[in-house]
Amino acid sequence: MSQPDALLKIGSLSKHFGGFTALDQVSVDVGRGERFGLIGPNGSGKTTLINCISGALQNDQGSILFDGAEISRMPAYKRTRLGIARSFQIPRPFGSMSVLENLIVPLEYVAHSGSLHLSDPRGEAMEILKGMGLADKADTLSSSLSQVELRKMELARAMAARPRLLISDEAMAGLSSNEVSEVLEILFKLNASGITIIMIEHIMQAVMKFSQRILCLDAGRIICEGSPEKVVANPDVQRAYLGA
Amino acid sequence: MKFLFGALALIGLAAAAPLFVRLEYFYFAGFVVLQFIVLATAWNILGGFAGYVNFGTGAFFAVGAYSAVALYKAVQLPLGLQILAGAATAGLLGFLVGLLTLRLRGIFFSIATIAITIILETVVMNWHYVGGAKGLPILRPTEMPLYFTNYTQWLFLVMTVIAVLAVATARYIQTGWIGRGLRAIRDNEGAAECSGVPTLKLKLAAATISGALMGAAGAPFAQYLSFIEPSSAFSLNYAVNALAMPIIGGTAHWIGPVIGAILLGTVQQVVTVTISSEMNVLVVGVMLVVFVVGAPEGILGLWNRYVLKKSVP
């Protein structure tokens, strides 16, 4: 369970919404460079967990250590500057801006937060777009993109924050199988460049193929953690998913 | 550079105006139009750039006006310092309103700003030092500044300078990284925060600057009318105009509120003189509805679409 050189260490994390317990004493470590899958039925607390990690929500109890520093009381923008970037389950483009400008926001605010005058933000944004296969859409208004393009742009914008940890929240939901492989390929490529990735996904084939380790949540608790093979074979996981 | 020359030329024109324009009404009406340029530009920094619609322009304007009046009555503070004091107090109010954005978004934020206007108006109504509900006559300084022979002409120049500073501020914000951050907040605050934008800091800065500029616009108000009373200083007309002018001109660019204020402000002056002062309120309402329905991106949007043939703002 404990990783010797963990980038992210989550200890006894709990989150309540009124009387509802969304996360109950969740502890997990994610290693540097790891491809980590997070699965669980709807409402099991996956998104709450990553909202607590990225800072959209604050956990009630427990600790979150990123690269050795406690971040659980830090505002979200500071966590992004430390190196935690995410995509959103439902894409959230900056709709009044072009695709390129969407990337310039994190480039200006994160990658160069020390000196806000970049030498060439457009060039840097363009490089990232090329890597995502979105270069020809650079000047398109982001609100007029197709679903798969939006998903890619979300990942590109997260990458523009120069993250060490990338959290992909259902980046493949609603995509065709070709498009799923396309996005998967991008994520593999990013991981190969040294970025730790947490993937939340309902598409089991994708998450099985991608992850080195998988954590399954159900009703806010960890019910299983381990290799993909071990997790799918686990009777609790099967029960949670199939209701058997 | 072009902007700087344009700005200096405008101030120069306003300073030289008494040499060739003798008509008193020109300065009287021009002051109001300039005042609306400041209010609309200030409103747009928070409402247009960041997407937080403020219905409390009247409160900021009146706080500026009454701060100036109180200090003028107490220590005969000169006009320049009255304006700075008005801007500082209204800026502080802006900062507090900015804190509201922590919990309130959309229409709830807007309603809260109306509530603030009502509360402050009630306070001033009961503040007898500045005249309370019945108002307070203001005696203008007897000595004329510089070469001026008429105080309204002097106020016209002062308001020109405030307007130029307001527009320069809005332009600086819009064209730089702050403006991009505010746009990100308007488009999606959660995504902005996760892109490293310090959303609270930017909103506080925008609300403070916006409030301070509105207060600066309000500070000379009592000197202009030689009188002040709460219901005209807190008038809902300021809120409606400060919102209608940027929407009609276009909220995405700093020039939008300027276009809207010149157009709507001038039309209102003409209608007030030629038809009636009630009619000018109707004009604002009708134009606002027409633009919201027919051209939501304002005159700038129409210009971009039909003259420049582009849809990307």
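User: Is the crossing of H3(A) and H7(B) left-handed or right-handed?

Analyst: In this predicted model, the crossing of H3(A) and H7(B) is left-handed. The term applies when the near helix is turned anticlockwise from the far one by less than a right angle.

User: Why are H3(A) and H7(B) called oblique to each other?

Analyst: Helix H3 (residues 99-111) of chain A and helix H7 (residues 177-187) of chain B pack at an angle of about 125°. Angles over 145 degrees count as roughly antiparallel, and those from 65 to 115 degrees as roughly perpendicular. The angle of about 125° falls in neither range, and the two helices are therefore oblique to each other. Their axes are 10 Å apart.

User: Which residues make the contact of H3(A) with H7(B)?

Analyst: H3(A) contributes Ile104(A), Val105(A), Glu108(A) and Tyr109(A), while H7(B) contributes Trp177(B), Arg180(B), Gly181(B) and Ala184(B). By class, these residues divide into five nonpolar, one polar and two charged. Gly counts as polar and Tyr as nonpolar in this scheme.

User: What part does H3(A) play in the side of chain A that touches chain B?

Analyst: The contact between the chains takes 25 residues from chain A and 18 residues from chain B. On the side of chain A, helix H2 (76-82) and H3 each supply at least two residues. The largest share, six residues, comes from H3(A). The side of chain A that touches chain B has 14 nonpolar, six polar and five charged residues.

User: How do you know that H12(B) and H14(B) are packed helices, and at what angle do they cross?

Analyst: The axes of helix H12 (residues 236-249) of chain B and H14(B) come within 10 Å and cross at roughly 35°. The crossing is left-handed. Residues of both helices make the contact, among them Val240(B) and Ala244(B) of H12(B), and Val284(B) and Leu288(B) of H14(B). The contact has ten nonpolar, two polar and no charged residues.

User: What makes E1(A) and E2(A) a pair of strands?

Analyst: Pairing requires at least two bridges between the strands. Strand E1 (residues 6-17) and strand E2 (residues 20-31) of chain A are joined by eight bridges in the antiparallel sense, and therefore they meet the requirement. One of the bridges links Phe17(A) with Phe20(A). The two strands form a hairpin with two residues between them, and Gly18(A) in the turn has a positive phi of about 60°.

User: Why do E6(A) and E10(A) stand at the edges of their sheet?

Analyst: The sheet is open, with six strands in the order E6-E7-E8-E3-E9-E10 (chain A) and mixed pairing. Strand E6 (84-86) and strand E10 (221-226) each have a single partner strand, so one side of each is left without a neighbour in the sheet. Neighbouring strands are turned by 20° against each other on average, direction ignored.

User: In what sense do E3(A) and E9(A) pair, and over how many bridges?

Analyst: Strand E3 (residues 35-39) and strand E9 (residues 213-218) of chain A pair in the parallel sense over four bridges. Leu38(A) stands opposite Leu215(A) in E9(A).

User: Where in chain B is the confidence lowest, and where is it highest?

Analyst: Helix H14 (residues 277-294) of chain B has the lowest confidence, at a mean of 86, and helix H9 (residues 199-218) of chain B the highest, at 96. The mean pLDDT of chain B is 91, and 99% of its residues reach 70 or more. For the complex, the predictor gives an ipTM of 0.87 and a pTM of 0.89.

Methods: Residues numbered from 1 in each chain as written. Chains lettered and ligands numbered in written order. Predicted model: local features only at pLDDT ≥ 70, side-chain atom pairs only at ≥ 80, totals over all residues. pLDDT = per-residue confidence, 0-100. Axes fitted to C-alpha atoms, helices over the stretch in contact; angles between N-to-C directions. Parallel < 35°, antiparallel > 145°, perpendicular 65-115°, else oblique. Contact = placed C-beta atoms within 7 Å.
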